[in-house]
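Me: I am new to this structure and would like to go through it step by step. Please show it first, and then take my questions one at a time.

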Amino acid sequence: MLSVSGLHAVRAGRTILHPTSLDIAPGERIGLVGASGSGKSTLGHVLIDELRSRGCRVAHVCQSPDEALDPLRSMRFHWHEAERALGLELGAIDKNTLFTSLKIADGDLRKRPWGWSRGMQQRFVIAMALISSPDLIVLDEPSSALDPVVAAATMDLLDQHLEGKETAMILITHDLGLAARRVSKLMVMETGRIVEQAPTEKILQHPQTRAARSLVAHRSWIKLPC
Ligand SMILES: Nc1ncnc2c1ncn2[C@@H]1O[C@H](COP(=O)(O)OP(=O)(O)OP(=O)(O)O)[C@@H](O)[C@H]1O
Ligand SMILES: [Mg+2]
């Protein structure tokens, strides 16, 4: 169990994350949802820093592959950098299994990011994050830069890859539709606080707080493929 307490953040003299505690069980899937500016990414960053400072293996996937990939470097260079960062020998990881499960096995590693589609780039970034099976993977709006069909497919591949594994997942999103089918628990944020947390179904059926009600009220997501 990964347990943290007292996470908080002050920026420019303003508290943007009030003291927050979290317990994450191995293999647990949590959705961190809330309106823009509610503090989701801040909580994600502070959590990652705290857990890494304790020696936990925590991977981070950000919104756009542009943030993770250098346009002037080949995909192979990025892969080797990820191996190096983990203290592994180059080529130590059997990337075939990962690449096959994320459907990027036919990607040309000699190419630079722009030689791959954005969907493939983001799946490559997710593959880098999954090297050496982290304790936790934090995905911060991982598919909002993708079209909805590719976004759903990417999340499905990740779901399948994580099935039965100990890697826990926090999916940060303001898209309840994306989170609903993929996480067992939702945490709702508003103005730097977790204001509600409960099993996904419970929040969807009986949201208690204003923040949760307003997210659930936008029910058009039920018809979306993701
Ligand atoms: N470095 C900073 N300096 C000052 N204010 C900041 C800083 N980083 C974040 N904030 C503020 O803290 C609040 C929470 O920001 P955060 O990025 O965590 O929200 P979010 O829920 O991830 O939003 P979004 O859904 O738009 O990504 C916002 O009001 C933001 O403007
Ligand atoms: Mg954010």
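Me: What span should the 13 residues of helix 5 have at 1.5 Å a residue?

Reply: This is a predicted model, in which local features need pLDDT of at least 70 and side-chain atom pairs count only at pLDDT 80 or more, while totals for chains, interfaces and linings use all residues. Residues are numbered from 1 along each chain as its sequence is written, and chains are lettered from A and ligands numbered from 1 in the order in which they are written. Helices (H or I, at least four residues) and strands (E, at least two) are DSSP runs, numbered from the N terminus, and the expected span of a helix is 1.5 Å times one less than its number of residues. The end C-alpha atoms of helix 5 are 18 Å apart, which agrees with the expected span of 18 Å.

Me: How many of the 13 residues of helix 5 are buried?

Reply: A residue is buried if 20 or more other C-beta atoms lie within 10 Å of its own, exposed if 12 or fewer, and partly exposed in between, with C-beta atoms placed from the backbone. Among the buried residues of helix 5 are Gln121, Arg123 and Phe124. Helix 5 is largely enclosed by the rest of the structure, because the number of its residues that are buried is twelve.

Me: Which helix gives the most residues to the largest nonpolar core?

Reply: A nonpolar core is a set of buried Ala, Val, Leu, Ile, Met, Phe, Trp, Tyr and Cys residues joined through C-beta atoms within 7 Å. The largest one has 55 residues, and those with the most contacts inside it are Leu32, Ile137 and Val188. With eight residues, the helix that gives the most to this core is helix 5.

Me: Which residues is isoleucine 137 in contact with, leaving aside its neighbours within four places in sequence?

Reply: Two residues are in contact if their C-beta atoms, placed from the backbone, lie within 7 Å. Isoleucine 137 is one of the residues with the most contacts inside the largest nonpolar core. Leaving aside neighbours within four places in sequence, its contacts are Ala59, Val61, Ala129, Leu130, Thr167 and Met169.

Me: In strand 5, which residue is the bridge partner of valine 61?

Reply: Two strands pair if DSSP finds at least two bridges between them, and strand 4 and strand 5 pair in the parallel sense over four bridges. Both faces of strand 4 are covered, with Val58 and His60 buried on one side and Ala59 and Val61 buried on the other. The partner of valine 61 in strand 5 is leucine 139.

Me: Which helix gives the most to the shell around ligand 1?

Reply: A residue is near a molecule if its C-beta atom, placed from the backbone, lies within 6 Å of it, and the residues around ligand 1 include Arg11, Ala12, Lys40 and His174. With three residues, the helix that gives the most to this shell is helix 1 (residues 40-53).

Me: Is alanine 12 buried or exposed?

Reply: Alanine 12 is found in the loop between strand 1 (2-11) and strand 2 (14-24), and its phi is near 50 degrees, a positive value in a residue other than glycine. Because alanine 12 has 5 C-beta neighbours inside 10 Å, it counts as exposed.

Me: In strand 8, which residue does leucine 186 stand opposite?

Reply: Strand 7 (residues 185-190) and strand 8 (residues 193-199) run antiparallel and are joined by six bridges. Their hairpin has two residues between the strands, and there threonine 191 takes a positive phi near 40 degrees. The residue that leucine 186 stands opposite is alanine 198.
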